Amino acid sequence: MTDNSPLGGETTTPLRLGTRRSKLAMAQSGMVADAVREVTGRAVELVEITTYGDVSREQLAQIGGTGVFVAALREALLSGEVDFAVHSLKDLPTTQPDGLVLAAVPVREDPRDALVARDGLAFEQLPSGARIGTGSPRRMAQLNAYARSHGLEIETVAIRGNVDTRIGFVRSGELDAVVLAAAGLSRLGRTDEVTGFLPADTVLPAPGQGALAIECAAGSTDLAAALAELDDPYTRVAVTAERALLNALEAGCSAPVGALADFLADGQVVNELRLRGVVGSTDGASLVQLSITGPVPTSLDDAAALGRELATEMLAKGAAGLMGERAL
């Protein structure tokens, strides 16, 4: 088989990294570029690509969510316009396309959601009727459920836009708070603006949240092998379980599904993987929230099996009727 890897070519030619144009995507891709320079000894240049999700002003739930931020990057990979691409893993459809390989999932950042509220307020300190902005039906479902269970009155408001735009709604007084991924704020060096981190017991993150995906052409075997040095086995196992749950629920990226796999230790020995999942109506009136714990998977197939098992239990409890948009 012919190796079409760019590493087999002229070593002075920079590797081309495809990235979305947003500040966050550029920051994430810049971090990966530095790591790739270390492992390959090659220069890396960022190639900015505009995706449909970047230019559409519709809510993600309306445009389908699934793949809207990655399709253009994947087309650039398949056409040879770029050598590899960096995605936020939570944006990736759960089915891997032919011709591309998920070469690495680096160490995961903080998977939690974070609150940025006016006057430095924590969630429990928000006033009655507080308006909280998020573009995620998953966050809406869990925030509304949490507020209801604690006797709090809130209104969740659908918003779009980059981090500056979203936080700007709070700074201008239009909203009392917004909820964003903690990992993105960390990568942008903006965690000092966080007024409270939402524990997973309150709001489960999106499957794969906080993790990055490094993708390249399947034929670029040398490059894939080099990128694999950036892979973190624990992160890969965890997100594989989470994404298998999402896939088995037949839910798209914008469906109100939360999932988090974490490792449980007995002293210094990690011996179990716990997977938690939630599906809810966006008003928070109905939630299906379950968890499953098993031995640390010894393969990605075992991790995926854990996700499918939890999905089966959630569907038996009525999860399908709460998801709204189903992936086709």
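This is a short tour of selections to make in your viewer, with a note on what you will find at each stop. Keep in mind that the model is predicted.

**Stop 1: a hairpin**

Start by selecting residues 257-266, which make up strand E11, and residues 269-280, which make up strand E12. The two strands run antiparallel and are joined by 10 bridges. To see one pairing up close, pick Ala 259: its bridge partner in E12 is Gly 277. Now follow the chain from E11 into E12. Together they form a hairpin, with 2 residues between the strands. One residue to click in the turn is Gly 267, whose phi is positive, at about 70 degrees.

**Stop 2: helix H9**

Next, select residues 233-248, which form helix H9. Try a distance between the C-alpha atoms at its two ends: they are 22 Å apart, which agrees with the 22 Å that the 16 residues should span at 1.5 Å a residue.

How many residues of H9 are buried? The count is 12 of 16, so the helix is mostly covered (buried here means under 20% relative accessible area). Colour some of these buried residues to see where they sit, including Val 237, Val 239, Leu 245 and Leu 246. Charged residues are on the list too, among them Arg 236, Glu 242 and Arg 243.

What do the buried residues of H9 pack against? Show E4, E11, E12 and helix H10 (300-316), and you have the answer. The hairpin strands from the previous stop, E11 and E12, are therefore part of this packing. Before leaving, step just past the end of H9 to Glu 250, which takes a positive phi of about 55 degrees.

**Stop 3: salt bridges**

The structure holds 20 salt bridges, and a few make good stops.

Stay with H9 for one of them and select Glu 242 together with Arg 108. Their side chains meet in a salt bridge, 2.9 Å from N to O. Glu 242 belongs to H9, while Arg 108 sits in the loop between strand E4 (100-104) and strand E5 (113-117), so to speak a distant part of the chain at 134 residues apart. Both residues are buried.

Now select Arg 74 and Glu 215, another pair whose side chains meet at 2.9 Å, N to O. Arg 74 lies in helix H4 (residues 71-79) and Glu 215 in strand E10 (residues 212-217), so this salt bridge ties together parts that are 141 residues apart in sequence. Arg 74 is buried, at 9% relative accessible area, and Glu 215 is buried as well, at 0%.

For a third pair, pick Arg 131 and Glu 155, whose closest N and O atoms are 3.4 Å apart. The two residues are in strands: Arg 131 in E6 (residues 130-134) and Glu 155 in E7 (residues 154-158), 24 residues apart. Are they buried or partly exposed? Arg 131 is partly exposed at 28%, and Glu 155 is partly exposed at 38%.

Finally, select Lys 23, Asp 164, Arg 171, Arg 190 and Glu 193 together, and you will see a network of salt bridges linking them.

**Stop 4: Ala 218**

For the last stop, go to Ala 218, in the loop between E10 and helix H8 (221-227). Ala 218 is partly exposed, with a relative accessibility of 36%. Which residues does Ala 218 contact, leaving aside its neighbours within four places in sequence? Show Gly 99, Leu 100 and Val 101 to find them. Add Asp 98 as well: its C-alpha atom is 8.1 Å from that of Ala 218, although the two are 120 residues apart along the chain.

Key: Residues numbered from 1 in each chain as written. Predicted model: local features only at pLDDT ≥ 70, side-chain atom pairs only at ≥ 80, totals over all residues. Heavy atoms only, no water. Pairing = 2+ DSSP bridges. Helix = DSSP H or I, 4+ residues; strand = E, 2+ residues; numbered from the N terminus. Salt bridge = Lys/Arg side-chain N within 4 Å of Asp/Glu carboxyl O. Buried < 20%, exposed > 50% of the residue type's maximum accessible area, 1.4 Å probe, protein only. Expected span 1.5 Å × (residues − 1). Contact = heavy atoms within 4.5 Å.
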